[in-house]
Amino acid sequence: MPFHQPPIYSSALEQAIDRHPLIVTPETSLLEAIALISQLQNKCSLPEANLAKDIINVSESSLWQQVRARCILVVKNKPSLHTNLSINNHRRSSLLGILTEGDIVRLIATGKINNHTEISLHKLPVSEVMSPPSITLTESTNQDIFTALSLFRQHQIDYLPVVDRHAYLVGVLTRERIRQVLQPSNIFKLRRVSELMTTPISAPQDASLLSIAQLMSEHQVSCVVITQNKELKMEKPREARTSICYYSFQQPLGMIAEYDIVQAQFLELNLANYTASMVMRNSLFSLKPSDSLWVAHQEMQQQQIQRLVVCGSRGEMLGLITQTSLLQVLDPTEMYRAVKQLQKSVYQLQAEKLELLKSRNAKLEEEVRERTAKLHEQLERDRLLTKISLRIHQSLNLDEIINATVAEVQQILQADRCTILRLESTDVGIIVAESVAPGWPSTLGNIVPKTIWEQCSQAFVQEHYAVYNIDQVNLTPEKITQFKQAEIKAFIAVPILQDSQLWGMMCVHQCHNPREWQKSEVDLLLQLATQVAIAIQQAQLYQQVQNLNSDLELQVQERTAQLQQKIQELQQLNVLKDDFLSTVSHELRTPLANMKMAIHMLKISPTIERRQIYLGILEAECARETDLINALLDLQRLESSTSSINWESVNLQCWLPTIIESFKSRAQNRHQVFKIDCDLNLPTIISNRASLARILAELLNNACKYTPNGGEFTLKIHYNREDENKPEKIIKKGVGNHSHRNRETNFSPIPNSHSASSSYKVKFIVSNQAEIPKEELPHIFEKFYRVPNADPWKQGGTGLGLALVQKLVEQLGGEIQVVSGDGWTTFTVQLTVNCSQ
């Protein structure tokens with residue numbers, strides 16, 4: 001996120017401010033600062049290096065990719081680079097200092113830092129080497145970009161920090177960003193490179209990087225041009241003999257900038273051993289002294305560089321143009337001097353022009369008189385064209401536009417007929433608009449054959465628009481026949497173009513006699529055809545916008561309804577979440593509170609008998625807590641559908657007694673009647689043994705728990721083939737019922753059995769003498785839901801049993817149904833399974 005979001009409309013100064021500068025705290029090490037600068041742009045030929053893990057990877061952040069200024073601002077209270085920067089964080093950043101590439105190069109040149117020094121760059125904070133922010137610019141409505149230019153020129157600086165009225169950091173200005181924002185093409189085009197080029201500092205290609213850094217520091221420059229000596233042999237003829245001379249000059253090979261020195265320092269290279277030829281930038285674009293500054297500006301912008309070498313015709317180095325030179329032209333003082341020089345040239349030209357005007361005055365007066373009549377006629381035509389154009393553009397309806405056009409043209413030109421033809425997709429034209437004088441036949445709706453259309457297209461290419469007399473021109477028989485049918489003696493036809501493609505044409509017909517068309521009439525129709533083309537395009541765009549608006553309105557309505565539905569669903573989910581968390585919290589705390597109380601009583605219990613009672617309570621509550629947690633985990637696993645089911649063969653005849661045996665004992669202890677009704681020879685089915693056992697155990701446990709002493713509960717198991725319509729033996733007592741069918745899940749599908757297996761429907765029916773109120777039936781499968789006043793014996797429970805049963809049934813690909821009434825409640829689980837015979 002940017003430090004400061006500029007307004008949609010902003011001044012040149014606001015656009016030039018780099019609002020994403022590199023910022024560090026005073027405690028940041030110099031090594032990290034060099035790493036940050038070295039990663040801004042990689043154009044030198046130095047080898048790549050892996051950054052240390054403790055150095056921030058600038059390229060991974062989209063914010064750093066927008067950085068332009070190659071300097072580091074040292075601030076107080078710098079926001080973290082690993083989080084999104086916000087306006088508030090930035091506003092609290094106070095500027096303490098600035099560290100530039102030039103500062104680092106001067107430190108290297110003076111020997112204060114190098115790769116063999118005893119001072120560790122990792123331990124050296126930037127606060128000890130930074131420059132204080134002596135010059136800043138306060139962002140306000142009173143400041144403009146020329147104020148910044150003045151500060152750059154007056155203080156000879158490369159970077160200008162910008163702060164707000166509270167002295168909090170806003171960004172930084174550079175010469176390059178000002179040049180990109182201003183781009184005054186007219187001023188740059190008037191000045192030549194030779195006027196502003198400077199003498200560069202050069203060095204041979206075998207010079208070391210350390211010596212080049214010392215040159216930069218000594219001469220206070222930001223780059224050094226790498227050159228080689230070149231000698232040319234030249235022959236100059238002199239009278240009867242030829243003089244031979246040798247011309248020696250410096251030829252530029254490349255360039256090394258401060259950034260390259262910083263990059264080498266970051267890579268821990270030995271600057272004394274690395275030569276300029278190893279790291280210099282070889283791709284130099286040279287300018288000629290006669291080139292304009294606009295050419296230099298465009299090349300800098302295209303190549304993303306800040307300096308250009310100026311060379312002569314033989315490739316000799318003449319000078320250097322930098323962005324500082326370009327900004328110098330934009331300085332108010334320099335611009336004032338240029339304006340004065342231009343004024344002087346204008347005065348001189350005006351004097352010369354006055355003399356020339358006096359000499360040509362007589363001739364011009366004659367020409368003016370001749371053209372006055374033509375201009376008067378042209379003005380009249382323009383007035384009529386404006387009138388027609390205004391009437392055309394008053395409507396966005398295509399039919400109204402073309403009908404108004406032909407009516408006005410027919411009236412102005414006093415023609416017998418005016419038509420507009422439209423080209424169809426099959427290269428066949430149709431007359432879509434017409435204005436005809438009384439007494440002449442109408443051609444509206446007539447079809448223009450492809451051959452005639454092609455001939456007109458060829459004539460348009462040759463700029464032949466008017467025919468004075470059709471009897472005196474070479475026309476095809478088909479065209480002559482059509483003209484005679486329409487009684488045409490002379491005509492003008494001009495094209496109507498849409499995106500350089502032929503849309504149609506406008507035709508003016510003279511029917512009672514031939515007509516000598518004037519050039520001004522043809523020009524008028526050509527101009528009018530352009531206006532009609534624009535109006536047609538606007539009408540088509542308007543219709544497209546109307547269609548898009550209708551589609552958008554419909555989409556907005558649909559999306560609004562969807563969003564409202566989503567909001568309602570989210571609100572319901574939020575309520576369910578709160579209820580679930582509240583219930584889970586209560587259910588988990590209750591056993592813990594009982595265990596805590598039992599432990600406390602164990603500590604103070606005086607007898608062994610009482611201790612045994614409390615140990616029993618502690619054991620029961622631990623089991624209850626364990627069951628609750630296991631049930632929650634099982635439910636979470638089933639709801640997330642992350643685990644696959646293990647399908648296996650289950651012999652119901654042998655497996656069923658192991659499940660119901662324990663419930664027989666419980667029923668006897670509570671003096672209850674437990675009845676079992678099963679079909680003989682129960683099959684072996686393909687299912688999951690653990691899931692099926694959990695389903696029956698939970699249903700039988702609830703039946704036993706909520707059946708009063710002396711009451712009755714039953715288990716029935718029936719099966720039949722899936723393709724048989726055998727009546728089901730399910731006794732439904734009462735009127736209330738609730739069903740949960742299989743929903744879409746990510747469980748493993750039921751596997752196909754071998755050829756000896758068949759598909760069966762198996763029903764497990766558990767009934768007990770207890771009734772659930774009708775209004776409570778839709779909620780019994782919800783987590784932690786317990787029917788109010790259904791447990792007068794206070795036997796307790798997790799409230800997760802039926803929810804778990806529902807998920808397990810869905811996992812096995814079945815459905816569960818419950819009916820309750822007349823004192824009985826019946827749960828029916830139906831599974832479609834493969835049975836091995």
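# Sheet, helix and cores of a predicted model

Leu-73 has Ile-98, in strand 3, as its bridge partner. This is a predicted model, in which local features need pLDDT of at least 70 and side-chain atom pairs count only at pLDDT 80 or more, while totals for chains, interfaces and linings use all residues. Residues are numbered from 1 along each chain as its sequence is written, and side-chain values use heavy atoms, with hydrogens and water left out.

The protein has 22 helices and 26 strands; these are DSSP runs numbered from the N terminus, with at least four residues of H or I for a helix and at least two of E for a strand. Of its 837 residues, 42% count as buried (under 20% relative accessible area with a 1.4 Å probe, protein chains only). Among contacts (heavy atoms within 4.5 Å) between residues at least 6 apart in sequence, 72% join residues at least 24 apart.

Three strands form an open sheet in the order 1-2-3, with mixed pairing (a pair needs at least two DSSP bridges). Strand 1 (22-24) and strand 3 (94-100) are at the edges with a single partner strand each, so one side of each has no neighbour in the sheet. Strand 2 (residues 71-76) runs antiparallel to strand 3, and six bridges join the two.

Helix 15 covers residues 398-412. Its 15 residues, at 1.5 Å a residue, should span 21 Å (1.5 Å times one less than the number of residues), which agrees with the 21 Å between its end C-alpha atoms. Asn-397 caps the N-terminal end of helix 15, with a side-chain oxygen 3.0 Å from the backbone nitrogen of Asp-399. Buried residues of this helix include Ile-401, Ile-402 and Glu-408. Gln-414, which follows helix 15, has a positive phi near 55°.

The largest nonpolar core (buried Ala, Val, Leu, Ile, Met, Phe, Trp, Tyr and Cys joined through side-chain atoms within 4.5 Å) has 44 residues, of which Leu-652, Trp-655, Leu-715 and Phe-764 touch the most other members. Elements giving two or more residues to this core include those below.

| Element | Residues |
|---|---|
| Helix 20 | residues 652-669 |
| Helix 21 | residues 689-706 |
| Strand 22 | residues 712-721 |
| Strand 24 | residues 757-768 |
| Strand 26 | residues 824-836 |

Helix 21 gives the largest share, eight residues. Not counting residues up to four places away in sequence, Phe-764 touches residues including Leu-652, Leu-692, Leu-696 and Phe-827. A second, separate core has 43 residues, among them Cys-418, Ile-431, Val-448 and Cys-507.

Terms used
Buried < 20%, exposed > 50% of the residue type's maximum accessible area, 1.4 Å probe, protein only. Polar contact = N/O pair within 3.5 Å; in protein donor to acceptor, adjacent residues only side chain to side chain.
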